[in-house]
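Visitor: I should like to know on what grounds the terms applied to a model are justified. Please set each value against its definition.

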Amino acid sequence: MNRAEYLSHHWTSYPAMPSEVKVAGRIYKIEREEGLKLQLIRDEKIHKVSFQIAPPHSEHLIEGDLVAVTSAEEIVLLSPQLTALPLRHFDKVFLQEWSAYLNQIREFFKKKEFVEVKTPSLVRCPGTEPSLDVFTTLLVQGSRQERLYLPTSPELHLKKALALGGEKIFELAPCFRNGEITQRHQPEFLMLEWYRAYEALPAIKDDVVALIGHMVKFLNVAAPVSVHTYSVAELFKIYCDFDFTPQTSAIDLKNLADRLEVDVQSAESIDDLFFLIFMEKIESQLPPEDLVFVEKYPPYQAALARLTEDGWGDRFEAYWKGLELANAFNELNDPYVQRHRAQEDLNKKKESHREPVSLDEEFFRCLEAGMPPSAGIALGVERLYMALKGISDIEDLRLFPQLNLRW
């Protein structure tokens with residue numbers, strides 16, 4: 001009788017754990033000479049068991065079966081390996097460190113007297129960023145139906161919290177962005193956002209440096225060699241020999257791309273031209289061992305940030321180990337300008353044939369009621385861990401990653 005015949009005739013249930021067990025786990029190795037020798041793997045340890053006489057029916061066991069050894073004569077088959085496991089494993093050591101890493105982030109902010117906030121994972125507006133694709137769902141309650149979204153960021157609700165009286169707040173929030181699966185992107189990821197009411201970007205920058213320093217000590221890894229701050233204009237001058245101003249036009253950037261031999265055929269807007277040049281000629285050249293802050297973006301890249309008196313978007317991004325870690329704003333709190341920016345974003349979404357979203361009117365009511373001048377930042381939690389530990393693929397941080405689809 002072969003294994004398949006044995007299982008079909010004699011193995012009819014998945015038994016509960018026996019009351020008395022010497023050892024249990026998944027069979028890692030079987031040796032059938034001179035009785036029976038098993039190596040079971042459990043809790044990332046190998047447990048060796050020997051039988052002078054092979055127990056009944058043990059000839060049908062194979063590597064991968066889940067078993068319990070109850071005595072010197074009996075093996076209980078708990079679950080047969082009917083198919084191969086997925087090509088990943090439960091890494092207890094990593095998962096313990098990841099859990100401790102998240103706890104340390106929380107402790108860092110609690111010591112600074114921040115309050116942790118929990119925002120919704122079903123929202124009326126996921127964010128209006130024109131470059132992002134979203135996940136949609138449908139809320140059904142009786143005859144009522146409402147289109148809802150998974151958030152691309154908790155930003156809008158955290159700003160509502162500022163208007164409601166929050167001053168130093170943070171959240172570790174799951175976020176969702178469709179169409180993004182690369183070595184650095186997963187469609188679901190963890191975002192750390194924090195805000196300081198009545199403060200400006202220098203305080204947020206200090207937080208970033210302190211947070212990285214704290215995590216470097218906790219994980220016992222190398223710190224950034226040095227910390228630098230550059231404006232966008234300075235970087236274009238250094239790496240492109242180009243005088244960038246708030247008035248630099250799409251034609252100017254197209255001519256620059258031609259001079260630098262940057263392929264911009266896919267560009268549909270001035271934003272695309274800016275990103276293509278910046279990524280190829282500047283971002284790729286930033287010193288990976290240094291923590292680099294890039295500030296003062298062109299006005300069409302201001303997003304939800306204020307403009308400086310000389311016309312730049314008052315925001316910064318942080319780079320380390322070749323990764324964009326974070327994006328910070330001197331937050332825009334003028335409801336009229338904010339609505340105009342949001343509508344511009346929706347128009348850009350429409351032009352690029354992305355799924356339209358609706359605005360969050362409660363957010364605008366909060367702005368109209370008064371949101372204090374604030375600075376805030378969004379930081380990729382997986383990205384920071386990748387930089388700290390020298391990990392190149394975000395899939396390595398997931399027990400259940402969304403794998404790249406290949407047709």
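Visitor: Why is Glu-146 called buried?

Guide: Glu-146 has a relative accessible area of 16%. Buried means under 20% relative accessible area, with exposed over 50% and partly exposed in between (1.4 Å probe, protein chains only), so Glu-146 is called buried. The model is a predicted one, in which local features need pLDDT of at least 70 and side-chain atom pairs count only at pLDDT 80 or more, whereas totals for chains, interfaces and linings use all residues. Residues are numbered from 1 along each chain as its sequence is written, and side-chain values use heavy atoms, with hydrogens and water left out.

Visitor: Which residues is Glu-146 in contact with, leaving aside its neighbours within four places in sequence?

Guide: They are Arg-124, Thr-137, Leu-138 and Leu-139, where contact means heavy atoms within 4.5 Å. Arg-124 is 22 residues from Glu-146 in sequence, and their C-alpha atoms are 8.7 Å apart. Glu-146 itself belongs to strand 8 (residues 144–149); helices (H or I, at least four residues) and strands (E, at least two) are DSSP runs, numbered from the N terminus.

Visitor: What makes strand 15 largely enclosed by the rest of the structure?

Guide: Strand 15 covers residues 374–380, and seven of its seven residues are buried, so the strand is largely enclosed. In a regular strand the side chains alternate between the two faces of the sheet. Ser-374, Gly-376, Ala-378 and Gly-380 point one way, Ala-375, Ile-377 and Leu-379 point the other way, and all are buried.

Visitor: How do you know that strand 10 and strand 15 pair?

Guide: Two strands pair if DSSP finds at least two bridges between them. Strand 10 and strand 15 are joined by seven bridges and run antiparallel, so the criterion is met. Tyr-195 stands opposite Gly-376 in strand 15. Strand 14 also pairs with strand 15, in the antiparallel sense, over five bridges, and Ala-326 stands opposite Leu-379.

Visitor: What makes strand 6 and strand 11 stand at the edges of their sheet?

Guide: The sheet is open and has eight strands in the order 6-9-10-15-14-13-12-11, with mixed pairing. Strand 6 (115–116) and strand 11 (227–231) each have a single partner strand, so one side of each is left without a neighbour in the sheet. Within this order, strand 13 (residues 313–320) and strand 14 (residues 323–330) run antiparallel, joined by six bridges, and Arg-315 has Phe-329 in strand 14 as its bridge partner. Helix 2 (residues 92–111) lies across strand 6, strand 9 (168–176) and strand 10 (188–197), at about 155° to strand 9. Such angles run from 0 to 180 degrees between N-to-C directions, with axes fitted to C-alpha atoms, for helices over the stretch in contact.

Visitor: Which strands stand at the edges of the sheet with the order 3-2-1-4-5?

Guide: This open sheet of five strands has antiparallel pairing. Strand 3 (45–51) and strand 5 (75–79) stand at its edges, because each has a single partner strand. Its neighbouring strands are turned by 45° against each other on average, direction ignored. Strand 2 and strand 3 pair over seven bridges in the antiparallel sense, and Arg-42 stands opposite Lys-45 in strand 3.

Visitor: Why is helix 10 described as mostly covered?

Guide: Helix 10 (residues 381–389) has nine residues, of which eight are buried. They are Val-381, Glu-382, Arg-383, Leu-384, Tyr-385, Met-386, Ala-387 and Leu-388. Just after the helix, Gly-390 takes a positive phi of about 70°.

Visitor: What makes an empty space a cavity and not a pocket?

Guide: On a 1 Å grid over the protein atoms alone, a cavity is a set of points where a 1.4 Å probe fits but cannot get out, while a pocket is an open set with protein on both sides within 12 Å along at least five of seven lines; lining residues have an atom within 4 Å of a point. Grid points are joined across faces, edges and corners, and a volume is the space filled by probe spheres set on the points. By this rule there are two cavities of 30 Å³ or more. The largest cavity holds about 50 Å³, and the second largest has a volume of about 40 Å³. The second largest pocket contains about 470 Å³ of space.
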